[in-house]
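Hi,

Here is the structure I promised to pass on. Have a look at it first, and my notes on what turned up follow underneath.

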Amino acid sequence: MVGLGVLSVLILLATVLSTWATYRYFSVRDRLLTETIAYQAENIFRGVFGQAVDVAFTGSFSADGLPEALAGRTGQIYDDGVALTGQPERRRFDFDRISASKPWMRVATFYRENSTGITTGLGVKGAGATAKGGSLPTMVFYRSPTVDKSGVIFFDLSSLNNNNALKTPDYGDVFIDRISSFEIVKTRHVNPSFNKTTSIEVNLKFRYHLFAGGKASWCPMEDISSGASGCSNGSVSRDIERHFVVTLGNNLLKAAGSGYFGSVSKEEERVMGDLYFFRMSAPARW
Amino acid sequence: MKNQEGFSAIMLAIIVLAMIMAFMGSAGVYYQNLYGQIQRQKRETTALLVSESIGSMLSRAHNNYDAATGTCFQGTPEATPNLNQLCWASGNAQCVSYSVPGDTGTAHRLCLAGAGDASASSMEVVFVPRDEPLRGWDSVRERYVAWKEGFFGVVRGLSFDVQNAAFAQSASEAAHLPSVSGAPGAHFSSPLNCNITSGEDAYCKRCPGVTGSNMDGCVRVRFCLRPGGCTADEHWVNRVFGFIKR
């Protein structure tokens, strides 16, 4: 009889422990995975936007963000068309609610420098800094979250510079998922005549769930707190915020041969003066 | 009878404990792998920031150089062969400070150490740690993780590419990914024709030494952020900086 009692207590204990361990396992795993994606997002933004070679500040936009076809080679980053209060040199978009954007948005389109500037392979010593340029078209798309699907940013990184084909996002592209909120604040060069973007401030929120019961929700916090339709199902989740500034160091302010304000200078000018960044090559395995 | 019940209870307890221990063990290994992924992403972030700082530093040094006379406006030229286009105002101007994301310790420094390779015919330089060891990363644990991954390679079933993390798991765990149907397209209507012999200077930069070179000079920089040091060429972070013609 005593043995049976002990047995029952042990089974109860094992059940409680197993349930708790499973809950903890999935919660911690989801948090670590989301943290990894959050750090990875910063690297992708720095590695892609940081290599942009020609991006305007203002442009023409549609309800879907950028127009489908961009004339010329000067790229654009979407904004809501209104300068920040008291800051005419700053504009932004803020997709912090499901209804804040269309389901699909064209967020950015520009050429980026893709060459490492190294001719004979990664890490080869004494190879010489001889290189040919490699500007490639880059398209960034955003899929806003829904109640049961996360927001996703797609980076379509082309491999051909002379291709006029229509680029569309898919999961073969570089993508960042688990997003519940996405904001970019862009800054114009201090000289408005240039009309070029010098940096972007990126604010991202990534969602992970605690698996404490309830259905997983990908509603942005703004929608949850305002009780938007379908966004109060009692899911237990947390958001990880990432905030960083990317300097568009390669962005072309003026090409060689053109001057401004009567200056005799006819030299090419970029955001970092005469400095040009080739793409960094990092170890495949750190 | 009582002995049998007691024995069964003890056996059950041992089995349950063994299951929990096995579960915790496998979870621990899995978490360690995820922790390693986070550390690798932090290193890449740091590498990007460090290389940007090095680029700014080199730009300042290059701005002190007068190409017309081949001398320095200010400072002194780098003694290393082929780096005489870089003029340094002081020794401190040859170092960059950086911190590790999430590390509250003091900043680290990387300083110019001169030519990266004695046989290099180009402007290639190496930056090495100064004053401070790579605390936080250069720990025993980090060295162990780096050694283990180097020794065993990818541990099957435990390591995975973060980009494909959602797909590496079960289909139900990728359920949060939306469909791409209805996605819009975008394109440039004036594609670029960038090749080694054509113009397109603003979009196609080429370092000295190749046909159609259109840069004043280029510097190739190498530095190491890997725990345990860089023992193979592919362990280094490499970046080339160009100076636009003036």
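Before the strand pairings, one convention: two strands count as paired if DSSP finds at least two bridges between them. Also keep in mind that this is a predicted model.

With that in hand, start in chain B. Strand E9 (residues 215-223) of chain B pairs with strand E10 (residues 237-244) in the antiparallel sense, over eight bridges. Within that pairing, Val221(B) stands opposite Arg239(B) of E10(B). Is E9(B) enclosed by the rest of the structure or not, and why? It is largely enclosed, because eight of its nine residues are buried.

The rest of chain B, briefly. Its secondary structure amounts to three helices and ten strands, and from the N terminus the order of elements is α-β-β-β-β-β-β-β-α-α-β-β-β. Of the 246 residues in chain B, 47% are buried. Looking at contacts in chain B between residues at least 6 apart in sequence, 53% join residues at least 24 apart.

One residue I stopped at there is Gln85(B), in the loop between strand E3 (76-77) and strand E4 (87-88) of chain B. Gln85(B) has a relative accessibility of 18%, so it counts as buried, the cut-off being under 20%. Its side chain makes a polar contact of 3.5 Å with the side chain of His62(B).

Now for the interface, where I spent most of my time. Chain A and chain B bury about 9,200 Å² between them, with 61% of that on carbon and sulfur atoms. Three residues, Asp274(A), Met280(A) and Trp286(A), supply 11% of the area that chain A buries against chain B, more than any other three residues. In residue terms, 104 residues of chain A and 97 residues of chain B take part in the contact.

How many salt bridges does the rule find across the interface of chain A and chain B? Just one. Glu268(A) forms a salt bridge with Lys205(B), and their closest N and O atoms are 2.8 Å apart. As for polar contacts, 29 residue pairs make them between the two chains, counting pairs with both residues at pLDDT 80 or more.

Several elements of chain A supply at least two residues each to the side that touches chain B, among them helix H1 (2-49), strand E5 (104-113) and strand E8 (174-188). H1(A) gives the largest share, 25 residues. Sorted by class, that side of chain A has 51 nonpolar, 26 polar and 27 charged residues.

There is strand pairing across the chains as well: E1(A) and strand E8 (residues 187-188) of chain B pair in the parallel sense over two bridges. Leu70(A) has Phe188(B) as its bridge partner in E8(B).

Last stop, a loop in chain A. Lys266(A) is located between strand E11 (252-254) and E12 of chain A. At 47% relative accessibility, Lys266(A) counts as partly exposed, since exposed would need over 50%. Leaving out residues up to four places away in sequence, Lys266(A) touches Lys254(A), Ala256(A), Gly257(A), Ser258(A) and Gly259(A). Its C-alpha atom and that of Gly75(A) are separated by 23 Å, with the two residues 191 residues apart along the chain.

Cheers

Technical notes. Residues numbered from 1 in each chain as written. Chains lettered and ligands numbered in written order. Predicted model: local features only at pLDDT ≥ 70, side-chain atom pairs only at ≥ 80, totals over all residues. Heavy atoms only, no water. Contact = heavy atoms within 4.5 Å. Buried area = accessible area lost by both parts, 1.4 Å probe. Salt bridge = Lys/Arg side-chain N within 4 Å of Asp/Glu carboxyl O. Polar contact = N/O pair within 3.5 Å; in protein donor to acceptor, adjacent residues only side chain to side chain. Helix = DSSP H or I, 4+ residues; strand = E, 2+ residues; numbered from the N terminus. Nonpolar A, V, L, I, M, F, W, Y, C, P; charged D, E, K, R; others polar. Buried < 20%, exposed > 50% of the residue type's maximum accessible area, 1.4 Å probe, protein only.
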